[in-house]
Amino acid sequence: MGQAEEKPWPRYHANDVKRGGNPALTNEELHQPQPIQRSPAELAAIWSAVRTPRLLLRRLRAEDGPAMFRIHGDPATYQYSPESVHRSLASSEAMLQLCRLHWAEHGFGYWAVERARDQLVIGFGGLEQQLWHKRSVLNLYYRLTPSAWGQGYATEMARTALQLAREYLPHLPIIARIRAANLPSQQVALKVGLRRLPPEMEEPGYYIFASEPAGW
(Lines give C-alpha, C1' and ligand atoms only; values in the text may rest on other atoms or scores of the structure.)
Protein backbone atom coordinates (compact mmCIF):
# COMPACT_ATOMS: atom_id res chain seq x y z
CA MET A 1 0.00 0.00 0.00
CA GLY A 2 1.52 3.31 -1.06
CA GLN A 3 0.90 6.76 0.23
CA ALA A 4 -0.21 10.12 -1.13
CA GLU A 5 2.52 12.55 -0.23
CA GLU A 6 2.58 15.48 2.13
CA LYS A 7 4.83 18.35 1.07
CA PRO A 8 5.84 21.43 3.07
CA TRP A 9 3.90 23.75 0.78
CA PRO A 10 2.62 26.95 2.35
CA ARG A 11 -0.60 26.15 4.14
CA TYR A 12 -3.40 28.49 3.16
CA HIS A 13 -4.46 31.12 5.65
CA ALA A 14 -7.84 32.77 5.43
CA ASN A 15 -6.38 36.25 4.94
CA ASP A 16 -3.94 35.21 2.19
CA VAL A 17 -6.44 35.43 -0.66
CA LYS A 18 -9.60 37.49 -0.22
CA ARG A 19 -12.80 36.75 -2.09
CA GLY A 20 -12.48 37.95 -5.67
CA GLY A 21 -8.75 38.54 -5.29
CA ASN A 22 -7.30 35.18 -6.37
CA PRO A 23 -5.25 35.89 -9.51
CA ALA A 24 -5.77 32.29 -10.67
CA LEU A 25 -9.54 32.77 -11.04
CA THR A 26 -11.04 33.81 -14.38
CA ASN A 27 -13.62 36.59 -14.76
CA GLU A 28 -16.24 33.92 -15.44
CA GLU A 29 -15.39 32.12 -12.20
CA LEU A 30 -15.47 35.36 -10.20
CA HIS A 31 -19.04 36.03 -11.33
CA GLN A 32 -20.34 32.56 -10.54
CA PRO A 33 -22.66 32.24 -7.50
CA GLN A 34 -20.53 31.75 -4.44
CA PRO A 35 -21.01 28.55 -2.40
CA ILE A 36 -22.09 28.77 1.19
CA GLN A 37 -19.02 29.54 3.28
CA ARG A 38 -19.11 27.71 6.58
CA SER A 39 -17.19 28.90 9.62
CA PRO A 40 -14.34 26.84 11.08
CA ALA A 41 -16.57 26.04 14.05
CA GLU A 42 -19.31 24.72 11.75
CA LEU A 43 -16.81 22.63 9.78
CA ALA A 44 -15.24 21.28 12.96
CA ALA A 45 -18.63 20.07 14.16
CA ILE A 46 -18.90 18.04 10.95
CA TRP A 47 -15.29 16.97 10.50
CA SER A 48 -13.92 16.23 13.98
CA ALA A 49 -15.29 12.69 14.36
CA VAL A 50 -16.45 10.84 11.27
CA ARG A 51 -17.39 7.16 11.32
CA THR A 52 -17.20 4.85 8.33
CA PRO A 53 -18.11 1.15 8.32
CA ARG A 54 -14.68 0.19 9.69
CA LEU A 55 -12.97 3.39 10.79
CA LEU A 56 -13.16 6.36 13.11
CA LEU A 57 -11.64 9.42 11.47
CA ARG A 58 -10.98 11.90 14.24
CA ARG A 59 -9.40 15.27 14.88
CA LEU A 60 -5.77 15.17 15.91
CA ARG A 61 -4.93 15.45 19.61
CA ALA A 62 -1.86 16.80 21.36
CA GLU A 63 -1.01 13.29 22.56
CA ASP A 64 -0.91 11.80 19.04
CA GLY A 65 2.84 12.42 18.62
CA PRO A 66 4.00 8.86 19.49
CA ALA A 67 1.41 7.30 17.16
CA MET A 68 2.45 9.69 14.41
CA PHE A 69 6.09 8.74 14.92
CA ARG A 70 5.23 5.02 14.97
CA ILE A 71 3.88 5.40 11.45
CA HIS A 72 5.96 8.24 9.98
CA GLY A 73 9.15 6.90 11.55
CA ASP A 74 8.73 3.47 9.98
CA PRO A 75 10.92 3.24 6.82
CA ALA A 76 8.42 0.82 5.28
CA THR A 77 5.83 3.61 5.07
CA TYR A 78 8.31 5.70 3.06
CA GLN A 79 9.23 3.00 0.57
CA TYR A 80 9.00 5.47 -2.32
CA SER A 81 10.48 8.49 -0.53
CA PRO A 82 12.99 7.16 2.03
CA GLU A 83 14.57 10.57 2.49
CA SER A 84 11.35 11.82 4.11
CA VAL A 85 11.03 9.29 6.93
CA HIS A 86 10.85 10.91 10.37
CA ARG A 87 14.12 10.37 12.22
CA SER A 88 12.89 11.37 15.66
CA LEU A 89 9.78 11.86 17.74
CA ALA A 90 10.48 15.59 17.55
CA SER A 91 9.94 15.51 13.77
CA SER A 92 6.54 13.91 14.22
CA GLU A 93 5.63 16.32 17.01
CA ALA A 94 6.49 19.23 14.70
CA MET A 95 4.26 17.83 11.96
CA LEU A 96 1.50 17.24 14.48
CA GLN A 97 1.70 20.83 15.67
CA LEU A 98 1.35 22.17 12.11
CA CYS A 99 -1.58 19.88 11.43
CA ARG A 100 -3.32 20.94 14.63
CA LEU A 101 -2.82 24.59 13.74
CA HIS A 102 -4.56 23.93 10.44
CA TRP A 103 -7.47 22.37 12.35
CA ALA A 104 -7.67 25.39 14.64
CA GLU A 105 -7.80 27.84 11.74
CA HIS A 106 -9.97 25.96 9.25
CA GLY A 107 -12.08 23.53 11.26
CA PHE A 108 -10.87 20.48 9.32
CA GLY A 109 -7.59 18.80 8.44
CA TYR A 110 -5.75 15.51 8.52
CA TRP A 111 -7.32 12.88 10.73
CA ALA A 112 -5.96 10.18 12.95
CA VAL A 113 -7.33 7.02 11.35
CA GLU A 114 -8.53 4.58 14.02
CA ARG A 115 -9.72 1.07 13.35
CA ALA A 116 -13.19 0.99 14.90
CA ARG A 117 -13.03 -2.55 16.29
CA ASP A 118 -10.02 -1.90 18.55
CA GLN A 119 -9.47 1.91 18.49
CA LEU A 120 -5.91 1.39 17.18
CA VAL A 121 -4.44 4.30 15.21
CA ILE A 122 -3.47 2.69 11.90
CA GLY A 123 -2.58 5.86 10.03
CA PHE A 124 -3.11 9.51 9.29
CA GLY A 125 -4.79 11.19 6.37
CA GLY A 126 -7.44 13.49 5.04
CA LEU A 127 -7.45 16.93 3.48
CA GLU A 128 -5.64 20.19 4.15
CA GLN A 129 -6.06 23.50 2.36
CA GLN A 130 -2.85 24.54 0.62
CA LEU A 131 -1.61 26.75 -2.19
CA TRP A 132 -0.67 24.99 -5.42
CA HIS A 133 0.05 26.75 -8.71
CA LYS A 134 -1.14 29.98 -7.06
CA ARG A 135 -4.52 28.45 -6.36
CA SER A 136 -6.12 27.23 -3.15
CA VAL A 137 -6.59 23.47 -3.22
CA LEU A 138 -7.34 20.61 -0.86
CA ASN A 139 -4.36 18.27 -0.59
CA LEU A 140 -5.34 14.62 -0.11
CA TYR A 141 -2.92 12.72 2.12
CA TYR A 142 -2.83 9.17 3.45
CA ARG A 143 -0.14 7.20 5.22
CA LEU A 144 -0.99 3.91 6.91
CA THR A 145 0.99 1.41 8.93
CA PRO A 146 2.07 -1.63 6.83
CA SER A 147 -0.14 -4.06 8.77
CA ALA A 148 -3.16 -2.09 7.48
CA TRP A 149 -2.18 -2.23 3.81
CA GLY A 150 -4.20 -4.13 1.25
CA GLN A 151 -7.48 -3.97 3.17
CA GLY A 152 -9.08 -0.94 1.55
CA TYR A 153 -8.67 1.35 4.54
CA ALA A 154 -6.95 4.14 2.57
CA THR A 155 -9.69 4.06 -0.05
CA GLU A 156 -12.38 4.11 2.67
CA MET A 157 -10.78 7.12 4.34
CA ALA A 158 -10.06 9.00 1.11
CA ARG A 159 -13.54 8.44 -0.30
CA THR A 160 -15.07 9.81 2.91
CA ALA A 161 -12.82 12.86 2.83
CA LEU A 162 -13.75 13.62 -0.77
CA GLN A 163 -17.47 13.19 -0.07
CA LEU A 164 -17.24 15.74 2.76
CA ALA A 165 -15.22 18.13 0.63
CA ARG A 166 -17.66 17.99 -2.25
CA GLU A 167 -20.55 18.69 0.08
CA TYR A 168 -19.04 21.36 2.32
CA LEU A 169 -16.05 22.77 0.37
CA PRO A 170 -17.16 22.44 -3.25
CA HIS A 171 -15.28 25.55 -4.36
CA LEU A 172 -11.89 23.95 -3.66
CA PRO A 173 -10.32 21.48 -6.10
CA ILE A 174 -8.72 18.35 -4.66
CA ILE A 175 -5.25 17.09 -5.54
CA ALA A 176 -3.06 14.15 -4.56
CA ARG A 177 0.68 14.33 -5.17
CA ILE A 178 2.02 10.79 -5.68
CA ARG A 179 5.42 9.36 -6.56
CA ALA A 180 5.60 8.07 -10.14
CA ALA A 181 6.64 4.60 -8.91
CA ASN A 182 3.93 4.38 -6.26
CA LEU A 183 1.31 2.38 -8.14
CA PRO A 184 -0.78 1.32 -5.08
CA SER A 185 -1.29 4.93 -4.03
CA GLN A 186 -2.18 5.93 -7.58
CA GLN A 187 -4.81 3.20 -7.63
CA VAL A 188 -6.40 4.66 -4.49
CA ALA A 189 -6.57 8.11 -6.11
CA LEU A 190 -8.24 6.65 -9.20
CA LYS A 191 -10.70 4.58 -7.15
CA VAL A 192 -11.99 7.68 -5.35
CA GLY A 193 -12.52 9.58 -8.57
CA LEU A 194 -9.39 11.66 -9.08
CA ARG A 195 -7.69 11.77 -12.46
CA ARG A 196 -4.07 12.25 -13.43
CA LEU A 197 -3.28 15.74 -14.67
CA PRO A 198 -1.27 16.34 -17.87
CA PRO A 199 2.54 15.97 -17.72
CA GLU A 200 3.08 19.73 -17.86
CA MET A 201 1.47 20.01 -14.42
CA GLU A 202 3.63 17.32 -12.84
CA GLU A 203 6.64 17.78 -10.57
CA PRO A 204 9.91 15.87 -10.97
CA GLY A 205 9.29 12.31 -9.80
CA TYR A 206 5.62 12.92 -9.01
CA TYR A 207 2.27 12.54 -10.72
CA ILE A 208 -0.57 14.87 -9.75
CA PHE A 209 -4.07 13.47 -9.46
CA ALA A 210 -6.98 15.87 -9.13
CA SER A 211 -10.68 16.45 -9.20
CA GLU A 212 -11.99 18.29 -12.24
CA PRO A 213 -12.71 21.92 -11.39
CA ALA A 214 -13.51 24.43 -14.12
CA GLY A 215 -10.46 25.58 -16.03
CA TRP A 216 -8.28 22.49 -15.47
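Start with α2, which passes α5 in a right-handed crossing. This is a predicted model, so treat each stop as a look at a prediction.

**Stop 1: the helix pair**

Select residues 153–168 to see helix α5. Then add residues 40–47, which form helix α2. Two packed helices are described by the angle between their axes and the distance between the axes. Here the angle is about 150 degrees. The axes lie 12 Å apart. Now show side chains. From α2, pick Leu43, Ile46 and Trp47. They meet Ala161, Leu164, Ala165 and Tyr168 of α5.

**Stop 2: the whole protein**

Zoom out and color by secondary structure. The protein has 6 helices and 8 strands. Follow the chain from the N terminus: the order of elements is α-α-β-β-α-α-β-β-β-α-β-α-β-β. How many of the 216 residues are buried, as a percentage? Buried residues make up 50%. Among contacts with a separation of 6 or more, 69% come from residues 24 or more positions apart.

**Stop 3: two aromatic pairs**

Look for aromatic rings next. The structure holds 2 aromatic pairs. Begin with Trp47 and Phe108, whose ring centres are 5.2 Å apart. Their planes stand at 40 degrees, so this pair is tilted. Trp47 belongs to helix α2, while Phe108 sits in the loop between α4 (89–106) and β3 (110–115). The two are 61 residues apart, and the pair links distant parts of the chain. Are these residues buried or exposed? Trp47 and Phe108 are both buried.

Move on to Tyr110 and Tyr141. This aromatic pair is tilted too, with 5.0 Å from centre to centre and 35 degrees between the planes. Tyr110 is in strand β3, and Tyr141 is in strand β5 (residues 135–144). They are 31 residues apart and again link distant parts of the chain. Tyr110 has a relative accessible area of 1%, which is under 20%, so Tyr110 counts as buried. Tyr141 is buried as well, at 1% relative accessibility.

**Stop 4: Arg58**

Select Arg58 in strand β2 (residues 55–59). Its relative accessibility is 4%, and Arg58 counts as buried. Show the side chain of Asp64. A polar contact of 2.9 Å joins Asp64 to the side chain of Arg58. Beyond its neighbours within four places in sequence, Arg58 also touches other residues, including Ser48, Ala49, Trp111, Ala112, Glu114 and Val121.

**Stop 5: Arg54**

Step back along the chain to Arg54, in the loop between β1 (49–51) and β2. Arg54 has 31% relative accessibility and is partly exposed. Add Tyr153. The C-alpha atoms of Arg54 and Tyr153 are separated by 8.0 Å, although the residues are 99 apart along the chain. Where does the backbone oxygen of Gly152 lie? The oxygen is 3.5 Å from a polar atom of the Arg54 side chain. Leaving out residues up to four places away in sequence, Arg54 touches Gly152, Tyr153 and others, among them Glu114, Arg115, Ala116, Gln151 and Glu156.

**Stop 6: a turn of the backbone angle**

Most residues other than glycine have a negative phi. Go to His133, in the loop between β4 (120–132) and β5. His133 is not a glycine, yet its phi is positive, at about 55 degrees. Select Lys134 as well; its place is also in the loop between β4 and β5. Lys134 has a positive phi of about 65 degrees, and it is not a glycine either. Is Lys134 buried or exposed? Lys134 is exposed, at 70% relative accessibility.

**Stop 7: Glu202 and the arginines**

Finish at Glu202, in the loop between β7 (195–196) and β8 (206–210). Its relative accessible area is 23%, and Glu202 is partly exposed. Display Arg196. The side chains of Glu202 and Arg196 share a polar contact of 2.7 Å. Arg196 also lies over the face of Tyr207, at 3.5 Å from the ring centre. Not counting residues up to four places away in sequence, Glu202 touches Arg196, Leu197, Tyr207 and Ile208.

Add Arg177 last. The C-alpha atoms of Glu202 and Arg177 are separated by 8.7 Å, with their positions 25 residues apart along the chain. Which ring does Arg177 lie over? Arg177 is over the face of Tyr206, at 3.4 Å from the ring centre.

Notes:
Residues numbered from 1 in each chain as written. Predicted model: local features only at pLDDT ≥ 70, side-chain atom pairs only at ≥ 80, totals over all residues. Heavy atoms only, no water. Helix = DSSP H or I, 4+ residues; strand = E, 2+ residues; numbered from the N terminus. Buried < 20%, exposed > 50% of the residue type's maximum accessible area, 1.4 Å probe, protein only. Contact = heavy atoms within 4.5 Å. Polar contact = N/O pair within 3.5 Å; in protein donor to acceptor, adjacent residues only side chain to side chain. Phe/Tyr/Trp six-rings, centres within 6.5 Å; stacked < 30°, edge-to-face > 60°. Lys NZ or Arg CZ within 6 Å of the ring centre and 35° of its normal. Axes fitted to C-alpha atoms, helices over the stretch in contact; angles between N-to-C directions. Left-handed = near helix turned anticlockwise from the far one by under 90°.
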